[in-house]
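Hello,

Here is the structure I promised to pass on to you. My notes on it follow below, so please have it open as you read.

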Amino acid sequence: MQPSDRVREEVRGFTPYAPGLSMEEIKEKYGLSRVIKLASNENPLGASPLVKRVLARKADTVFRYPRAGNPALTAALAARHGVPRQCVVAGNGSDEIIDLLVRVTCRPGRDNVVAFDPCFSIYVQQTRLCGVTLRQARLGDDFAFDLDALAAACDDDTALVFLTNPDNPSGYAVPADDVLALSRAIPKRALLVVDEAYAEFAEPEAVYSTMARFNETDNVVVLRTFSKLYGLAGLRLGFGVLPPDIANYLLRVRLPFSVNLLAEAAGLAALEDVDFVAASLEAVGRGRALLAEKLAALGCKVFPSQANFLMFTPPLPAADVFEGLLKRGIIARALRSYGLPHMLRVSIGNDEENEAFLAAMKDIVGSGF
Ligand code: PMP
């Protein structure tokens, strides 16, 4: 017997999430003293000062377990978003909620999950790992959502329909009205999972986000993360707002302490720090407009974005531009793994990072690398 015979087929064929090279690895490879990372859509202003103070204060409590189910945090989130408390489940990043949704709702070998192509890789991976078929509908021109195609890909064995709004990597978004229409068009059994990892950056959020209208539905899940606007990517914190029976099953099957004590305290503090949130939104809005204008002036095709990143097609081969940026100490995101080898994605940085990125792009486009 081969050792791998003991391993499930789905696991043997599993392609893990491939993070890019770390900042340290890039420094070493290119002999750089400083690198700027604009690859993972993190907060351009770093972490909130209030969060940092709270984390320092909490350090001597880490010998305790957190409270299972994170009741203080879920209560604060329910109050903030005007949704019933029993509908909120916190997770180790919204990644954990995606994984739980697949495991709780999908029957292996029988059910299917529907999403656009391309879509966020965790939908693909957790679905495959569970032995569930993924059906992908094509996006329309310029990455517009063809919601009819998404609904048409569903059947009575569709357990979940994923919609990333605003979308990653394009930044395209549809108003909540369209999302609610889709929720009525899909088969009764299917849950529509609206991944709003970037919803706070949409202008205006109230038009695009389904969160405020959660109470109008009974088959919609809304996912949010603290990794982007709230600057807590390294602590791993996200949450879902779900129909209460589904929320209850997620809580029953998840590992009890997946949201740790520091993440919960940081999340509560991040919700309080309204000044940091306002400054982050202002920085992203301003940086997004600047980068869109300057990249277009450099001959890039820039896709309109409601998120804290921009997708663009550079006027030179994307792989060369990506490499040229790395050599100059800037990490952008190549989109080969999304099946988009001609495009790049750049996160909106702070003022200095945006200037450095634009100077590098100008250099690359002017000199041909
Ligand atoms: N959904 C989308 C569309 C994302 O881009 C990301 C972050 N890359 C996530 C979910 C996961 O976020 P988290 O850090 O909360 O797991």
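Two residues count as being in contact here if their C-beta atoms, placed from the backbone, lie within 7 Å. This is a predicted model, so you should know that local features need pLDDT of at least 70, side-chain atom pairs count only at pLDDT 80 or more, and totals for chains, interfaces and linings use all residues. Residues are numbered from 1 along each chain as its sequence is written.

Let me start with the domains, whose bounds come from an automatic or database domain assignment. Domain 1 consists of 3–47 + 275–367, and domain 2 of 49–272. Their C-alpha centres are 23 Å apart. Between them, 31 residues of domain 1 are in contact with 30 residues of domain 2. On the domain 1 side, α1 (9–12), α12 (274–297) and β10 (309–313) each supply at least two residues; helices (H or I, at least four residues) and strands (E, at least two) are DSSP runs, numbered from the N terminus. The most comes from α12, with 6 residues.

Next, the sheets, in which two strands pair if DSSP finds at least two bridges between them. One is an open sheet of 7 strands with mixed pairing, in the order β2-β8-β7-β6-β5-β3-β4. Its edge strands are β2 and β4 (133–138), each pairing on one side only. Within this sheet, β6 (191–195) and β7 (220–225) run parallel over 4 bridges, and V194 has V222 in β7 as its bridge partner.

The other open sheet I noted has 4 strands, ordered β9-β10-β13-β12, and its pairing is antiparallel. Here the edge strands are β9 (301–302) and β12 (333–334). β10 and β13 (344–347) pair in the antiparallel sense over 4 bridges, with F312 opposite L344 in β13. The helix α12 packs on this sheet and touches β9, β10 and β13.

Finally, which residues of helix α4 (71–81) are buried? They are L73, T74 and L77, where buried means that 20 or more other C-beta atoms lie within 10 Å of the residue's own, with C-beta atoms placed from the backbone. These residues are on the same side of α4 because they cover an arc of only 95° around the axis, the arc being that of the directions from the helix axis to the C-beta atoms. Their cover includes β2 (88–91), β8 (238–241) and α11 (261–272). Right after α4 comes G82, with a positive phi near 65°.

Best wishes

Definitions and conventions
A residue is buried if 20 or more other C-beta atoms lie within 10 Å of its own, exposed if 12 or fewer, and partly exposed in between; C-beta atoms are placed from the backbone. Axes are lines fitted to C-alpha atoms, for helices over the stretch in contact, and angles run from 0 to 180 degrees between N-to-C directions.
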